[in-house]
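Here's a quick walk through this one, from the overall fold down to a few individual residues. Keep the viewer open as you read.

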Amino acid sequence: MPAEAKAEARSAQPATPATPPLTERQEARRRRILRASAQLASRGGFDAVQMREVAESSQVALGTLYRYFPSKIHLLVATMQDQLEHMHGTLRKKPPTGETSAERVAETLMRAFRALQREPHLADAMVRALTFADRSVSPEVDQVSRQTTAIILDAMGLDDPTPAQLSAVRVIEHTWHSALITWLSGRASIAQVKIDIETVCRLIDLTTPGTQK
């Protein structure tokens, strides 16, 4: 496998932060903040997540909250990464059962989609934040992308994907996020989302050596 492809595969996994690791106390504080953000969003969506209320709910000073998350958009995108991380843990405990990589990825993404479907206000808040994110939120957006990619690669059962497979994963990831947006806006049914996900996952077969027709 070319060196550049290996580097790209490594980047599909959650990156080590450039900043010093959080202390145990700081990590506990960050987790309280993310939990408060998710709870407020679950109840009232994007508009319900107000920084002052998040600070109060998580029992941190408002200034402290802004040191962790400079804006509401930063906070909600980080909340999405955190939710995906939890989903990934759940998926690992009960892996998909499809016979092919394409079937396993489609099953995995639909399970993740249904988990978000159970919390539509939270899903809407996170996806809206991801849509509104500008360059200042790039590190958080990149973490969401890496986490989604890691989920897909796990379902494929790949530790050493080829450049073509990584390209297929990116297209699948884009389609999944787009499907979330169209469903949340009422422009696509769950049935249509399932069809779209299963269709795009066929790219995996086209990029897997020995499976091309």
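## Contacts and overall fold

Take the contacts in the chain between residues at least 6 apart in sequence: 74% of them join residues at least 24 apart. Bear in mind that this is a predicted model.

What does the secondary structure come to? The chain has 11 helices and 0 strands, so reading along the sequence just gives you α-α-α-α-α-α-α-α-α-α-α. Of the 213 residues in the chain, 42% are buried. The chain exposes about 11500 Å², with carbon and sulfur atoms supplying 52% of that area.

## The nonpolar core

In soluble globular proteins, nonpolar side chains tend to be buried together. Here, the largest nonpolar core has 57 residues, and Val105 and Trp176 are the ones that touch the most other members. Helix H5 gives the most to this core, with 9 residues.

Which residues does Trp176 contact, once you leave aside its neighbours within four places in sequence? The list runs Leu84, Leu109, Ala112, Phe113, Leu116, Thr148 and Ile197.

## The second largest pocket

Now for some empty space: the second largest pocket holds about 240 Å³. The elements giving two or more residues to its lining are helix H5 (72-93), helix H6 (101-117) and helix H7 (120-132).

There are 14 lining residues, and Met87, Arg111, Ala112, Ala115 and Arg118 lie nearest the centre of the pocket. Split by class, the lining has 7 nonpolar, 3 polar and 4 charged residues. Ala112 is worth a second look, as it lines this pocket and is also in contact with Trp176.

## Two loop residues

Gln59 sits in the loop between helix H3 (51-58) and H4. Most residues other than glycine have a negative phi. Gln59, though, has a phi near 60°, a positive value. Is Gln59 buried or exposed? Its relative accessible area is 67%, so Gln59 counts as exposed.

Move on to the loop between helix H4 (62-68) and H5, and you'll find Pro70 there. Pro70 has a relative accessibility of 49%, and because exposed means over 50%, this residue counts as partly exposed. How far is Pro70 from Met51, C-alpha to C-alpha? The two are 9.9 Å apart in space, with their positions 19 residues apart in sequence numbering.

Conventions:
Residues are numbered from 1 along each chain as its sequence is written. This is a predicted model: local features need pLDDT of at least 70, side-chain atom pairs count only at pLDDT 80 or more; totals for chains, interfaces and linings use all residues. Side-chain values use heavy atoms; hydrogens and water are left out. On a 1 Å grid over the protein atoms alone, a cavity is a set of points where a 1.4 Å probe fits but cannot get out, and a pocket is an open set with protein on both sides within 12 Å along at least five of seven lines; lining residues have an atom within 4 Å of a point. Grid points are joined across faces, edges and corners, and a volume is the space filled by probe spheres set on the points. Helices (H or I, at least four residues) and strands (E, at least two) are DSSP runs, numbered from the N terminus. Ala, Val, Leu, Ile, Met, Phe, Trp, Tyr, Cys and Pro count as nonpolar, Asp, Glu, Lys and Arg as charged, and the others, Gly among them, as polar. Buried means under 20% relative accessible area, exposed over 50%, partly exposed in between (1.4 Å probe, protein chains only). Contact means heavy atoms within 4.5 Å. Accessible areas come from the Shrake-Rupley method with a 1.4 Å probe; for residues, only the protein chains shown count as cover. A nonpolar core is a set of buried Ala, Val, Leu, Ile, Met, Phe, Trp, Tyr and Cys residues joined through side-chain atoms within 4.5 Å.
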